[in-house]
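I opened my notebook to get to know a structure I had not met before. I wanted short notes that I could check against the picture.

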Amino acid sequence: MSVERVRHCWLIAITVALGFGQTKYVPPAPEQPIPFSHRVHIAKGLDCKGCHPVPEPGDFATIPETAKCMACHSTVKKESAAIQRLAALHEQNKPVEWRRVYRLPDYVFFSHKEHITKAAATCETCHGPVPERDALRKEKDISMAACMECHRAKGASVNWPVGLGGKGNEGVSGLIKQTPNSMGYVELIYAIQNKMPYGKVKNSSGDFIKADLASVSGAAAGAVKTMPEDFRVSITNAPGKTVYPIASFTWLLVPSKFSDAGKRDALKGFVQWMLADGQNYAESLAYAKLPPEVVAKELKALSKIQ
Ligand code: HEC
Ligand code: HEC
Ligand code: HEC
Ligand code: HEC
């Protein structure tokens with residue numbers, strides 16, 4: 001019985017630890033020049049769209065002007081100090097300097113219209129239960145990782161203003177071949193095998209470089225020095241005058257521990273072959289060979305797999 005009890009305690013301890021680990025940090029509400037409460041106003045029957053016209057007329061939601069507030073507050077709650085401040089600003093034709101809660105860096109393109117009409121997202125998805133809140137704070141994550149999480153889950157893709165969408169390298173190369181004067185973006189092997197002409201791309205030094213095995217290997221070689229133990233390194237837009245900018249490693253996800261020794265040995269043998277004899281097949285398939293320093297690092301990591 002005492003053993004049972006001890007086990008019980010353990011379980012609770014673990015759950016609590018996990019629960020704490022998952023609590024995310026929500027920054028405090030910024031102090032606003034006028035203490036506006038969404039809860040109070042929405043309880044009066046006001047609609048989001050009445051103050052934030054989304055998605056019409058455009059891509060941005062806007063914060064209402066003082067005139068909108070004064071439609072009510074020229075008579076409602078005139079005795080309140082906050083409303084008197086609001087009325088004074090309105091009188092002087094000055095906007096309320098609201099502190100922004102959700103703000104993306106300028107280089108990020110985001111459209112409310114696209115998300116509300118096409119992605120069928122609601123205000124709550126990205127801003128939480130606003131009708132229950134007095135002061136708003138950034139309770140929902142709008143980091144690029146959060147955007148991408150939803151994009152992956154929903155299989156979202158960019159709506160290019162013109163053009164046709166092809167699925168994967170095969171789809172895109174097929175469409176380009178069929179469509180006169182068209183342009184697209186495919187993996188090197190598809191361009192070579194389909195005999196598609198391809199152009200030079202400007203790299204980080206400002207030089208225009210044609211994709212070939214040497215210019216891709218150049219990008220990989222530059223990354224060797226900075227490659228971390230788990231091999232996660234980006235070689236997009238890598239430095240170097242002769243380096244092709246749109247290059248990438250292809251990764252293999254291998255467990256570090258196997259319970260089945262047979263499977264482990266088979267897999268290790270296969271990867272060993274890929275890193276040795278297998279390299280000789282890469283170039284005929286228009287893939288760059290791994291730089292020798294990377295092979296050495298990989299062999300070391302392979303030997304640690306149990
Ligand atoms: C449709 C009418 C209406 C509009 C539009 C409106 N309000 Fe109000 N507001 C009210 C009412 C009604 C109350 C009082 C709620 C209560 O105390 O029961 C209120 C309360 C307030 C208060 C609290 C005042 C206090 O000291 O108790 C502030 C501040 C405020 N409003 C600011 C604004 C701002 C800023 C806008 C414009 C963005 C705005 N309101 C737009 C109706 C409105
Ligand atoms: C009476 C007008 C009014 C109504 C109705 C209203 N809002 Fe607002 N909203 C404001 C004002 C004023 C601000 C700026 C002050 C603040 O951040 O609280 C604001 C700010 C916001 C912000 C933060 C913007 C930022 O990044 O700084 C969000 C998000 C928001 N509102 C969502 C909503 C949603 C969702 C609804 C409907 C459920 C709604 N609002 C209804 C007036 C209104
Ligand atoms: C897919 C996520 C998403 C949805 C859905 C969404 N918003 Fe936003 N909202 C954002 C992001 C991100 C920003 C910051 C935009 C920026 O800084 O350019 C923002 C900013 C705002 C702002 C500040 C003004 C602006 O456009 O930058 C208001 C007001 C706002 N949202 C209201 C709403 C309302 C009302 C709804 C529902 C009709 C809504 N949002 C739905 C993500 C969303
Ligand atoms: C609720 C899930 C969701 C979230 C959160 C979300 N998106 Fe989207 N997004 C979508 C979907 C679904 C589409 C595809 C819409 C369509 O079918 O055209 C899309 C489309 C887009 C597009 C292409 C639309 C165009 O005009 O070309 C861009 C750009 C975009 N999202 C940026 C962002 C950014 C930036 C964020 C984070 C601040 C974000 N999204 C958050 C679901 C989401």
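Below are my entries on domains, ligand shells and helix pairs.

**Entry 1: the overall layout**

I noted before anything else that this is a predicted model. Next I looked up how the chain is divided, and I found three pieces: domain 1 (38–63 + 98–154), domain 2 (165–197) and domain 3 (199–306). I jotted down that domain 1 is written as two stretches, 38–63 and 98–154. How far apart are the centres of domain 1 and domain 3? Taken over C-alpha atoms, those centres are separated by 41 Å.

**Entry 2: ligand 1**

Which residues are closest to ligand 1? I read off Pro64, Cys69, Cys72, Ser80 and Ala82, out of 20 residues that surround ligand 1. I then checked the elements, and α2 (38–43), α4 and α5 each give two or more residues to this shell. The biggest giver is α4, with five residues. Sorting the shell around ligand 1 by class, I got 14 nonpolar, three polar and three charged residues.

**Entry 3: α4 against α5**

Both of these helices had come up around ligand 1, and I looked at how they pack. α4 covers residues 66–73 and α5 covers residues 81–91. Their axes lie 10 Å apart, at an angle of about 125 degrees. I therefore wrote the pair down as oblique. The crossing of α4 and α5 is left-handed.

Which residues meet here? On the α4 side I listed Thr66, Ala67, Cys69, Met70 and His73, and on the α5 side Ile83, Leu86, Ala87, Leu89 and His90. By class, this contact has seven nonpolar and three polar residues, and no charged ones. I put a mark by Cys69, which is among the closest residues to ligand 1 and also among the α4 residues that meet α5.

**Entry 4: ligand 3**

Around ligand 3 I found 19 residues, and Ala61, Leu104, Ala121, Cys123 and Cys126 come nearest. Two helices, α6 (112–118) and α7 (123–127), each supply at least two residues of this shell. Which element has the largest share? That is α7, with four residues. The class split for ligand 3 is 13 nonpolar, five polar and one charged.

**Entry 5: ligand 4**

I went on to ligand 4, which 20 residues surround. The closest are Lys118, Ala119, Cys147, Cys150 and Ala156. α6 and α7 turn up again here, along with α8 (144–154), each supplying at least two residues. The largest share, four residues, comes from α8. By class I have 12 nonpolar, five polar and three charged residues in the shell around ligand 4.

**Entry 6: α12 against α14**

My last lookup was another helix pair, α12 (residues 261–275) and α14 (residues 292–303). The axes come within 10 Å and cross at roughly 170 degrees. That makes α12 roughly antiparallel to α14. From α12 I noted Lys268, Val271, Gln272 and Leu275, which meet Val295, Glu298, Leu299 and Leu302 in α14. What classes make up this contact? I counted five nonpolar residues, one polar and two charged.

Conventions
Residues are numbered from 1 along each chain as its sequence is written. Chains are lettered from A and ligands numbered from 1 in the order in which they are written. This is a predicted model: local features need pLDDT of at least 70, side-chain atom pairs count only at pLDDT 80 or more; totals for chains, interfaces and linings use all residues. A residue is near a molecule or strand if its C-beta atom, placed from the backbone, lies within 6 Å of it. Ala, Val, Leu, Ile, Met, Phe, Trp, Tyr, Cys and Pro count as nonpolar, Asp, Glu, Lys and Arg as charged, and the others, Gly among them, as polar. Domain bounds come from an automatic or database domain assignment. Axes are lines fitted to C-alpha atoms, for helices over the stretch in contact, and angles run from 0 to 180 degrees between N-to-C directions. Angles under 35 degrees count as roughly parallel, over 145 as roughly antiparallel, 65 to 115 as roughly perpendicular and the rest as oblique. A crossing is left-handed if the near helix is turned anticlockwise from the far one by less than a right angle, and right-handed if clockwise. Two residues are in contact if their C-beta atoms, placed from the backbone, lie within 7 Å.
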